[in-house]
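Got your viewer open? Let's take a short tour, one selection at a time.

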Amino acid sequence: MSLVKEVNASWGWVGIRAQEVIGENDFGNLIIKDTDLRYWRLCPEDLYCKVIAESREELDALSHNQDFLHD
C-alpha cells in the first residue's frame, strides 16, 4: 500500500484527503499536501494530524520559522 493510501486509511477520520507526502523525518513525522492544496503535519508520536498551512506560500513562510524547524 502506498504511503498516501495508508495516511488516508489510517488518518482520514481527522478530515485529511492526502494527495502527496512532501516531507518526512527520521521520527516518522510527515508533511502532507491534501486534495484542497492545504498542508498537514502528521506527528505519530504525539498522535495528531493537523493543518499547518493553507497554501504553499504559508508553508514556505513556515519553513523559515526556527521553532517549527526545531520541533
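Start by selecting Ile 31 and Arg 41: Ile 31 stands opposite Arg 41, which belongs to strand β3. Keep in mind that this is a predicted model.

Now colour all of β3, residues 39–43, along with β2. The two run antiparallel and are joined by 4 bridges. They make a hairpin with 4 residues between them, and in that turn you can click on Leu 37, which has a positive phi of about 65 degrees.

Next, go to the other neighbour, strand β1, residues 18–24. β1 and β2 also run antiparallel, with 5 bridges joining them. Select Glu 20 and look for its bridge partner in β2: that's Lys 33. This pair of strands forms a hairpin too, with 5 residues between them. Gly 28 sits in the turn, with a positive phi of about 90 degrees.

Stay with β2, residues 30–34. Which way do its residues point? Leu 30, Ile 32 and Asp 34 go one way, Ile 31 and Lys 33 go the other, and all are buried. Since 5 of the 5 residues are buried, β2 is largely enclosed by the rest of the structure.

Time for some rings. A search of the whole structure turns up 1 aromatic pair. Select Trp 11 and Trp 13 to see it: they are stacked, 5.9 Å centre to centre, with 20 degrees between the planes. Buried or exposed, what is Trp 11? Trp 11 is buried, at 15% relative accessible area, while Trp 13 is exposed, at 67%.

Last stop: select Tyr 48 and Lys 50. The charged end of Lys 50 sits over the ring of Tyr 48, 4.8 Å from the ring's centre.

Note on methods:
Residues are numbered from 1 along each chain as its sequence is written. This is a predicted model: local features need pLDDT of at least 70, side-chain atom pairs count only at pLDDT 80 or more; totals for chains, interfaces and linings use all residues. Side-chain values use heavy atoms; hydrogens and water are left out. Buried means under 20% relative accessible area, exposed over 50%, partly exposed in between (1.4 Å probe, protein chains only). Two strands pair if DSSP finds at least two bridges between them. Rings of Phe, Tyr and Trp (its six-membered ring) pair if their centres lie within 6.5 Å; planes under 30 degrees apart count as stacked, over 60 as edge-to-face and the rest as tilted. A charge sits over a ring if NZ of Lys or CZ of Arg is within 6 Å of the ring centre and within 35 degrees of the ring normal.
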